[in-house]
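Work through the following exercises with the sequence and the three-dimensional structure at hand. Attempt each task before reading its solution.

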Amino acid sequence: MSTNPIKVVVVIASTRVGRLAPSVARWFTGQLGQRTDMVTDVVDLIDTPMPNDLDANAPEVVALRPRLADAEAFVLVVPEYNRSVPGPLKTLIDCYNAEWEAKPVGFVTYGLSMAGGVRAVEHLRQIFAEFHSFGMKDIVTFPRILSHFDADGDFVPDLDGCNAAAKLMLDQLGWWADALREAKDKRPYRS
Ligand SMILES: Cc1cc2nc3c(=O)[nH]c(=O)nc-3n(C[C@H](O)[C@H](O)[C@H](O)COP(=O)(O)O)c2cc1C
């Protein structure tokens, strides 16, 4: 196991007015911040809008590229929209290619329904297959997301359960990122 912390980019994948994503992401990055084996860079899509024409040379695409390229693993904080992924997240994914390649991806997901974002995650697994990137088996999911907020609008999930779920997913992510770091050191990845 390498001693250098794994570089994890956390993508906040909702840009909706009144979005709940920042509350979920705040809890999750708190969990990540307690680990000594990972360092975090947060990419909030509301601050990094991508062009609909997918122009690889657009200034906003160029500006974000080094941060994604540096990542050794990704975690998407992603709500389910119409049984799939939010459009701005798909546009982000479509704006890049090598930056996603051969990297592990974790998911923190939620939705209004009992499905809890699982259908968005299953679509993301298919999308990331295009890059030889792959999703962690275990995910963090919040079904009926509004039930995890109190009357003041504070995010109050069952911490025992979700902290354990986050640890399980991050342990998997760390193992794969570390294994891939060693493999890429020996032989750079060629798709
Ligand atoms: C366009 C749209 C489609 C949605 N479709 C689903 C869905 O298929 N399943 C579900 O559980 N929740 C669905 N929801 C509810 C969202 O997952 C929920 O509102 C969540 O808070 C959205 O995340 P955000 O607040 O961070 O944007 C949908 C919401 C929107 C805006």
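## Exercise 1: The buried side of a helix

In helix α2 (residues 59–70), the buried residues are V61, L64 and L68. The model in which they are found is a predicted one.

**Task.** Determine how the buried residues of α2 are arranged around the axis of the helix, and identify what covers them.

**Solution.**

Step 1. Look down the axis of α2: the buried residues fall within an arc of 80 degrees, so they line one face of the helix.

Step 2. Turn to the face directed away from this buried side, where the exposed residues P59 and A63 are carried.

Step 3. Identify the cover of the buried residues, which includes the strands β1 (6–12), β2 (38–44) and β3 (73–79) as well as helix α3.

## Exercise 2: The packing of α3 and α4

**Task.** Decide whether helices α3 and α4 are roughly parallel or roughly antiparallel, and describe the residues through which they meet.

**Solution.**

Step 1. Take the geometry of the pair: the axes of α3 (residues 87–95) and α4 (residues 118–129) come within 11 Å and cross at roughly 15 degrees.

Step 2. Apply the cut-off, by which angles under 35 degrees count as roughly parallel. The helices α3 and α4 are therefore roughly parallel to each other.

Step 3. State the handedness: the crossing in which α3 passes α4 is right-handed.

Step 4. List the contact residues. From α3 come L89, K90 and I93, and from α4 come L124, I127 and F128. Sorted by class, this contact of α3 with α4 comprises five nonpolar residues, one charged residue and no polar ones.

Step 5. Extend the description of α3 to its buried residues, which are L89, T91, L92, I93 and C95. These buried residues of α3 pack against β1, α2, β3 and α4.

## Exercise 3: The packing of α1 and α5

**Task.** Classify the orientation of helices α1 and α5, and give the composition of their contact by class.

**Solution.**

Step 1. Begin with the geometry: α1 (residues 21–33) and α5 pack at an angle of about 60 degrees, and their axes are 10 Å apart.

Step 2. Classify the angle. The helices α1 and α5 are therefore oblique to each other.

Step 3. State the handedness: α1 passes α5 in a right-handed crossing.

Step 4. List the contact residues. W27, F28, Q31 and L32 belong to α1, and they meet L159, C162, N163, A166, M169 and L170 of α5. By class, eight residues of the contact of α1 with α5 are nonpolar and two are polar, while none is charged.

Step 5. Add one further residue of α5 (residues 159–186), namely K167. With a relative accessibility of 48%, K167 counts as partly exposed. Between the C-alpha atoms of K167 and F134, which are 33 residues apart along the chain, the separation is 18 Å.

## Exercise 4: Positive phi angles

**Task.** For N82 and H132, state where each residue lies and how accessible it is.

**Solution.**

Step 1. Consider N82, which has a positive phi of about 45 degrees although it is not a glycine. N82 is placed in the loop between β3 and α3. Its relative accessibility is 79%, so N82 counts as exposed.

Step 2. Consider H132, another residue other than glycine, whose phi is positive and near 55 degrees. H132 is found in the loop between α4 and β5 (134–135). The relative accessible area of H132 is 48%, and H132 is therefore partly exposed.

## Exercise 5: Sequence separation and distance in space

**Task.** For T15 and S147, compare the separation from a given partner along the chain with the distance between C-alpha atoms.

**Solution.**

Step 1. Locate T15 in the loop between β1 and α1. T15 counts as partly exposed, at 31% relative accessibility.

Step 2. Pair T15 with D44: the two are 29 residues apart along the chain, and their C-alpha atoms are separated by 8.4 Å.

Step 3. Leave aside the neighbours of T15 within four places in sequence; T15 is then in contact with L45, I46 and P88.

Step 4. Locate S147 in the loop between β6 (140–142) and α5. The relative accessible area of S147 is 43%, which makes it partly exposed.

Step 5. Pair S147 with L112: they lie 35 residues apart in sequence and 8.9 Å apart in space, C-alpha to C-alpha.

Methods. Residues are numbered from 1 along each chain as its sequence is written. This is a predicted model: local features need pLDDT of at least 70, side-chain atom pairs count only at pLDDT 80 or more; totals for chains, interfaces and linings use all residues. Side-chain values use heavy atoms; hydrogens and water are left out. Axes are lines fitted to C-alpha atoms, for helices over the stretch in contact, and angles run from 0 to 180 degrees between N-to-C directions. Helices (H or I, at least four residues) and strands (E, at least two) are DSSP runs, numbered from the N terminus. Angles under 35 degrees count as roughly parallel, over 145 as roughly antiparallel, 65 to 115 as roughly perpendicular and the rest as oblique. A crossing is left-handed if the near helix is turned anticlockwise from the far one by less than a right angle, and right-handed if clockwise. Contact means heavy atoms within 4.5 Å. Ala, Val, Leu, Ile, Met, Phe, Trp, Tyr, Cys and Pro count as nonpolar, Asp, Glu, Lys and Arg as charged, and the others, Gly among them, as polar. Buried means under 20% relative accessible area, exposed over 50%, partly exposed in between (1.4 Å probe, protein chains only). The arc is that of the directions from the helix axis to the C-beta atoms.
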